[in-house]
Amino acid sequence: MNTQLMPPEEIQRRLESILPKVQKPGRYTGGEINQVVKDWQTDLTKVVFVFPDLYDIGMSNLGLAILYELLNQRSDTLAERAYMPWIDMEEAMREARVPLYSLETKHPLAAFDIIGFSIPYETLFTNLLNALDLAGIPLFSKERTVEHPLVIAGGHAAFNPEPMHSFIDAFVIGEGEEVIQEIVNVHKDWRSQGTSRLDLLRALSRLTGVYVPRLYDAHYENDGIFSHLEKLDEAASLPVLKRIVPALPPPPTHFIVPYIETIHNRIPIEVMRGCTRGCRFCHAGMITRPVRERSVDEIVEAIDQALKNTGFEEIGLLSLSSSDYTHILDLVKVVSERYAGKHLGISLPSLRIETFSVELMDALKESRHGGFTLAPEAATERMREIINKPVSTAQLLETARAIYSRGWTTIKLYFMIGHPSETLEDVQAIADLCKAVLAEGRKIMGRRARLNAGVSTFVPKPHTPFQWVSCDSVEQIHAKQDILRHALRDRDIKLTWTHPEDTLLEAWLSRGDRRMSDVIYQAWKRGAKFDAWQEHFSYSAWMEAFAHVGLNPEFYTHRPRRIDEIFPWDHISTGVRKKYLAQDYLNSLQGETRIDCREQCYACGILPTFAEMRSLHPGDSWKCPEVTPKSSRRAQRLQPHDLPIIGNE
Ligand code: SF4
């Protein structure tokens, strides 16, 4: 039997003997409330969305929930789901020769027309390879034929697609709501025409927001530094502009209700997309511009619907910076009154450090027993100016007092070490600030006050003002973490940190070039998978992979980069100009900050890039200044000069 195309009945039969032997079989059964099952006998375009990590994690991914609901609304398409099996299940599946299958109908992945991977972070890359292998689909794009599904991938990590260029047929750059529909349409037309796979890739490449790596070749200087990307086909565009939607479409409300505990058992409602704060380390803040908001009415209606459809007891009002949502006060007032007495938990993550945030949380009457999270990211005002997250220590302590005095017993503070120009004194200041915050709590509630300090290590990300900086070495990270461990010995303070090797992996992959594909493949061959899981991360597999390919990992992490260096991801345009990022980086070296760009537009490049879209969508749901059709035309004429500096300019 061709196991890649094993009939669903056979997969189901084999699962019946496997599932009683593995941990948490509920991960692998499907059948949840709100899953969509359509008839496979009809001529539908069949799409499977894959989150290449455990079901427990992937079920909380909002992006895939949006696309699943959108595609299943089409009468000519079906969408199903698949997740990575845990180690025990993978072994059992391989032994029983069960290919990776969809939860809804137990069809093997190879039977679908399109496989859409979500890659929000880089440490999923080896799992993606493992998913393809478990599905019996060739790992390399160039080895796939018309018989194989189209393999696409999107998510924040796709903004530097080069390390995964060998494995993915087409990347979706940016927001997927519209472009996924166009991809399905292109695939449908191609199937009806029966032409070559290359024809399909060419047609996809003509869509805004789609990058087909096989239509380009990368070149390097003698010293190994990236030189430029060459177009190999007239259908390929340079640069590849990200896709955005002009207005956020109605939020999904038919969330699938899992049978088992997942990381977030709640209704996620996105209140706005994008961020205008300009924190220089923040990848999401740069790539998701411009800010677009939903109305309070739309959010409340979505909550009503989603509660009816799911029965969840918690709602997450999500965004990168919730207290910056223009109508946050109205929203909180309406939500707290409307759902009073219904025992609903309402969370408002990503709040700014100010007493206003505490008032917002207070109005939502959240449990005082949980923690209140703040993310100062750095402990000295100098450091916070460098990263452009200016908040005074006095303001932070005042906010901490407000939190403890309203009954929260635990404050969670998030910091990063390894910011550019950080000294050991800046690290010691993290410990001092934690103690100062806890001291405020003790003044208010005595020994009941607690503090959790989560200290991760900064990884420079592409498309941010810090894309030029080098990353701390393992030795530097150890030295800084030792300071914190030593200084924060207090039974009421819980310190957590990221392992230096995990940080390095993220750093290699984040700013990797095409040559990293070989490293990823070799690491996977040596057993690398579940790299985001500490107990499975194999540093030695990666070191051996680098040695095998003949690349120096430090080239990607510790090498200082010239301000005019051409980057392997420069052909991907987020709309934010490289010149703007470079200026912002130089500003940071002077300790100069930039205020919220809703108050002062810094001409980052978003407006000229999306001028026409903005002029067609006037009003305050966008937070960039309005443009008239006339100025939009002028901006568009200017656009080629405003696009990022790329190798082919
Ligand atoms: S165009 Fe101006 S307002 Fe819009 S995101 Fe850029 S800097 Fe901010």
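A molecule counts as sitting in a cavity if more than half of its atoms lie within 2 Å of the cavity's grid points. I start there since the ligand comes up first in my notes. One caveat to keep in view: this is a predicted model.

**Entry 1: the ligand**

I looked up where the ligand is, and it sits in the largest cavity. Next I pulled the residues around the ligand: R289, C597, C601, Y602, A603, C604, I606, L607, C624 and P625. I then sorted that shell by character and got 9 nonpolar, no polar and 1 charged. Arginine goes in the charged class and cysteine in the nonpolar one, and R289 is on the list of surrounding residues.

**Entry 2: cis peptides**

R289 turned up again when I went through the omegas. The peptide bond from R289 to P290 is cis, with omega near 0°. I placed P290 in the loop between α8 (283-287) and β12 (292-293).

I also noted a cis bond joining L238 and P239, with omega about -5°. P239 is in a loop as well, between β8 and β9 (240-241).

**Entry 3: cysteines**

How many disulfides does the structure hold? I got 0. As a reminder to myself, a disulfide is a covalent bond between the sulfur atoms of two cysteines.

Why is C275 not bonded to C279? The closest cysteine sulfur to that of C275 is the one in C279, but at 6.2 Å it is too far for a bond. The cut-off for a disulfide is 2.5 Å between sulfurs. C471 is in no disulfide either, and its nearest cysteine sulfur, that of C282, is 17 Å away.

I checked accessibility for both. C275 is buried, with a relative accessible area of 11%. C471 is buried too, at 4%.

**Entry 4: strands β1 and β2**

I wanted to know how enclosed strand β2 (residues 77-83) is. All of its residues, 7 of the 7, are buried, so the rest of the structure largely encloses this strand.

In a regular strand the side chains alternate between the two faces of the sheet. I went through β2 side by side on that basis. T77, A79, R81 and Y83 are on one side, L78, E80 and A82 are on the other, and every one of them is buried, which leaves both faces covered.

For the partner, I found strand β1 (residues 45-51) pairing with β2 in the parallel sense over 7 bridges. I wrote down one facing pair: F51 stands opposite Y83 in β2.

F49 also lies in strand β1. Its relative accessibility is 4%, so I logged F49 as buried. I ran a distance from F49 to L317: they are 268 residues apart in sequence, and their C-alpha atoms are 24 Å apart in space.

**Entry 5: the β7-β8 hairpin**

Which way do strand β7 (residues 216-220) and strand β8 (residues 226-231) pair, parallel or antiparallel? They are antiparallel, with 5 bridges. The two form a hairpin with 5 residues between them, and G224 in the turn has a positive phi of about 90°. A facing pair here is H219 with H228 in β8.

F226 lies in strand β8. I have F226 down as buried, with a relative accessible area of 7%. I looked for something distant in sequence to compare with and took R514: it is 288 residues from F226 along the chain, yet the C-alpha atoms are separated by 9.4 Å.

**Entry 6: positive phi outside glycine**

I listed two cases. K24 has phi near 40°, a positive value in a residue other than glycine. K24 is in the loop between α1 (8-18) and β1. At 40% relative accessible area, K24 is partly exposed.

E377 is the other, with a positive phi near 70°. This residue lies in strand β15 (residues 371-377). Is E377 buried or exposed? I get buried, at 11% relative accessible area.

**Entry 7: T105**

Last lookup. T105 is found in the loop between α4 (87-95) and β3 (114-118). Loop or not, T105 is buried, with a relative accessible area of 15%; the limit for that label is under 20%. T105 and K38 are 67 residues apart in sequence, and I get 8.6 Å between their C-alpha atoms.

Conventions:
Residues are numbered from 1 along each chain as its sequence is written. This is a predicted model: local features need pLDDT of at least 70, side-chain atom pairs count only at pLDDT 80 or more; totals for chains, interfaces and linings use all residues. Side-chain values use heavy atoms; hydrogens and water are left out. A residue is near a molecule or strand if one of its heavy atoms lies within 4 Å of it. On a 1 Å grid over the protein atoms alone, a cavity is a set of points where a 1.4 Å probe fits but cannot get out, and a pocket is an open set with protein on both sides within 12 Å along at least five of seven lines; lining residues have an atom within 4 Å of a point. Buried means under 20% relative accessible area, exposed over 50%, partly exposed in between (1.4 Å probe, protein chains only). Helices (H or I, at least four residues) and strands (E, at least two) are DSSP runs, numbered from the N terminus. Two strands pair if DSSP finds at least two bridges between them.
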